[in-house]
Structures are given as C-alpha cells and as structure tokens.
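Me: Got a minute to walk through this one with me? I'd like to start with how the helices pack.
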Amino acid sequence: MNTTDWVLVTGAAHRLGREFALAFATAGWNVLCHYRASQAGALQTQADVRALGAECLLVQADLAQPEAGTQLLAQCVDLAGQAPRCIVNNASIFEADDARTASAPALLRHFLTNTATPLLLANALHAWLCAQGRPATGAYSVVHVLDQKVHNLNPDYFSYTVSKLALERSVALQAQALAPQVRVCGLSPGLIYLSGPQTQDNFDQAAQVNLLRRPIAPADVARCALFIASNPSLNGCTLQADNGQHLVPLERDVMFAIADNPRP
Ligand SMILES: NC(=O)c1ccc[n+]([C@@H]2O[C@H](COP(=O)([O-])OP(=O)(O)OC[C@H]3O[C@@H](n4cnc5c(N)ncnc54)[C@H](OP(=O)(O)O)[C@@H]3O)[C@@H](O)[C@H]2O)c1
C-alpha cells in the first residue's frame, strides 16, 4: 500500500464508521472522515486516527442532497490533492416502518441517502479516474455497506431494507459498469449496535441471535472493508460479516421478534 493512499469513510464520526476509519489508519491509510452533523465525534475520530500515525481530514456533507456524491468527491480531491483509493459508503439512515406503513417521503429519504448517493459517489470516482486518464490497476475500490437483512428478509424497517436491497443488487451492476477503473463490493454486517427505540436488554438478547450466539465485533466488520480495499482480485462480491445471522431467519426484525417473545 502506498503511504499516501486515502480512504473516504462516510458517517465516520461514530460507531461503525469510526471503526472503518481506525481499521484503515491502523494499516497505514490516511482518512477522509465524512460527517453530517456530528462535528465533535468527527474531531474525536480525527484525533484517534492521528494517534495511530495517519493523517485524517474532515469533510462535511448532507448526503440526502441529489448532488452530494459529485460534490463530496470534489471536496475530497481538493482536500487530499487526489481522489480516495477507497470509498466506504457507511453513512445511512435507519427509520422504523414496515411494508404496510411505508410512505413515499420515507422511501425517498432512505433511497437518497442509502442508495442514490453511495452509487453516485462511486460513479464520481470512476469519472475522476477516467478524466485523469489513470491506468486501471485494480487499486481503486468502493465498499457499499449493506446489512444482513438483505440476505434474510422480513417486512420490518421496510424503507431501509428496500434502500439496502437496491444497493446490494447494484453491486454487480456497478462492478460491471465501472470496470476496469473501479472495483465495487458489498459488505453486509449483522446487528452490531443498539439503534432507534431498542432497549439495552433487547439489544443484549438480539446480539446473540446468530449462528455463533455471541455479539459481532465491530472491528472484525471494519477489517472486511480493508480486506476488500487491499485485495485487487475482489470485485462484484459481497462479504457477510455477521456471525451467520443471515442464516437465522425470523418473521420480524430481531428487535421486534425479541420484544414479541420476551425471555421468561
Ligand atoms: N448498527 C448496526 O447494528 C448495523 C447492522 C447492519 C448494518 N449496518 C449498516 O452499517 C452502517 C453503519 O451503521 P451505524 O449504526 O454505525 O450507522 P449510524 O450510527 O446509524 O449512522 C452513521 C452516520 O450516518 C450519517 N448520516 C445519516 N444521514 C446522513 C445524511 N443525510 N448525510 C450525511 N450523513 C448522514 C450520520 O452522520 P452524522 O452523525 O454526522 O449526522 C451518522 O453518524 C450503515 O450503513 C448501516 O446500514 C448497521
């Protein structure tokens, strides 16, 4: 790996985005840490990355805007003096609804942030490389962060699930379309963090609902993105980092499945 290589991680102020930033920094990559509202968290990620000896620059953007993908790539090129070698499309929204209660605004909101902008950000990287006339080496990659839910369907969190399904189906299409300049892969984590209305007790139970019956380590998930970025033979595939959660089918989202069947 070239020590001047940059990774752009969207939504890197907290949680899994921060883990991605630290995993890449540990391997010697510099980090473009994107955030929307969490400036304090982004500053903390920056300090933590720098403590690992890598550079970290902050970039702020609302990814729900139609032009966000091209604008964010341009911001990154301005800041780093080059396009990132890897983009980890991590930022997303996760709002509760189901197949019956989904609304047009919720579907569109999820689609813009979780699907359209990640895809257009990948396209912007491809366009930049083509404009530069760079030879294709397999070095540039995009990792679309998905969810085990897309491999293990139920009708809860419908707008979110549909947005991630569209992104998951797009992995192969973009891999075909952006080759040979950019590799495109997916990464599907299982349940890692307490989200939305979930209680700590519910989360603690839900985190055991996978084949290994133990919580998924965020750092293990993050290292999968680094593996994709570092391995030029991977293209058009999706890694599932979920302790086998996708092989445990449930009729409802695990949070509601547990709430519906509390332990005695
Ligand atoms: N959490 C889990 O257990 C889990 C399970 C499976 C898959 N995943 C996937 O893993 C990824 C990370 O999950 P997470 O729970 O760590 O994420 P998260 O905390 O819910 O959100 C990550 C970041 O997304 C950013 N974001 C949301 N809307 C945005 C917008 N319009 N523009 C720009 N940034 C926006 C927010 O940035 P600011 O705070 O700066 O506003 C937020 O900090 C997601 O893609 C998620 O779908 C998570």
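Me: At what angle do the axes of helix 3 and helix 4 cross?
Reply: Bear in mind that this is a predicted model. In it, the axes of helix 3 (residues 68-80) and helix 4 (residues 104-132) cross at roughly 50° and come within 7 Å. Because of that angle, helix 3 counts as oblique to helix 4.

Me: Left-handed or right-handed crossing?
Reply: Right-handed, as helix 3 passes helix 4.

Me: And which residues make the contact?
Reply: On the helix 3 side you have Ala-68, Gly-69, Thr-70, Leu-72, Leu-73 and Val-77. Helix 4 brings Thr-117, Leu-120, Leu-121, Asn-123, Ala-124, Leu-125 and Trp-128. Sorted by type, the residues of this contact of helix 3 with helix 4 are nine nonpolar and four polar, with no charged ones.

Me: OK, what about helix 1 and helix 2, how do they pack?
Reply: Their axes are 9 Å apart and the angle is about 20°. That's under 35 degrees, so helix 1 is roughly parallel to helix 2. Helix 1 passes helix 2 in a right-handed crossing.

Me: Which residues meet there?
Reply: From helix 1, Arg-18, Ala-21, Leu-22 and Ala-25; from helix 2, Thr-45, Asp-48 and Val-49. The contact of helix 1 with helix 2 divides into four nonpolar residues, one polar and two charged.

Me: Switching to the sheet. What's the strand order?
Reply: The order is 3-2-1-4-5-6-7, in an open sheet of seven strands with parallel pairing. The edges are strand 3 (56-60) and strand 7 (238-241), each pairing on one side only. On average, neighbouring strands of this sheet are turned by 20° against each other, ignoring direction.

Me: How many bridges join strand 6 to strand 7?
Reply: Four, and the two strands run parallel; strand 6 covers residues 183-189. As one example, Leu-187 has Leu-239 in strand 7 as its bridge partner.

Me: Which strands does helix 2 touch, and which does helix 5?
Reply: Helix 2 (residues 39-51) packs on the sheet against strand 2 (30-35) and strand 3, and its direction makes about 170° with that of strand 2. Helix 5 (residues 158-178) also packs on the sheet, where it touches strand 5 (141-145), strand 6 and strand 7. The direction of helix 5 makes about 160° with that of strand 6.

Me: Now the ligand. Which residues come nearest?
Reply: Gly-11, Arg-15, Arg-36, Ser-38 and Leu-63, out of 26 residues around the ligand.

Me: What's the polarity split of that shell?
Reply: The shell around the ligand has 14 nonpolar residues, eight polar and four charged.

Me: And which element gives the largest share?
Reply: Helix 1 (residues 15-26), with three residues of the shell.

Me: Last topic, backbone geometry. Which peptide bond is cis?
Reply: The one from Ala-179 to Pro-180, with omega near 0°. Pro-180 is in the loop between helix 5 and strand 6.

Me: What's the phi of Tyr-157?
Reply: Positive, about 50°, although Tyr-157 is not a glycine. You'll find Tyr-157 in the loop between strand 5 and helix 5.

Me: Why flag those two spots?
Reply: Because most residues other than glycine have a negative phi, and most peptide bonds are trans.

Definitions and conventions: Residues are numbered from 1 along each chain as its sequence is written. This is a predicted model: local features need pLDDT of at least 70, side-chain atom pairs count only at pLDDT 80 or more; totals for chains, interfaces and linings use all residues. A residue is near a molecule or strand if its C-beta atom, placed from the backbone, lies within 6 Å of it. Ala, Val, Leu, Ile, Met, Phe, Trp, Tyr, Cys and Pro count as nonpolar, Asp, Glu, Lys and Arg as charged, and the others, Gly among them, as polar. Axes are lines fitted to C-alpha atoms, for helices over the stretch in contact, and angles run from 0 to 180 degrees between N-to-C directions. Angles under 35 degrees count as roughly parallel, over 145 as roughly antiparallel, 65 to 115 as roughly perpendicular and the rest as oblique. A crossing is left-handed if the near helix is turned anticlockwise from the far one by less than a right angle, and right-handed if clockwise. Two residues are in contact if their C-beta atoms, placed from the backbone, lie within 7 Å. Two strands pair if DSSP finds at least two bridges between them.
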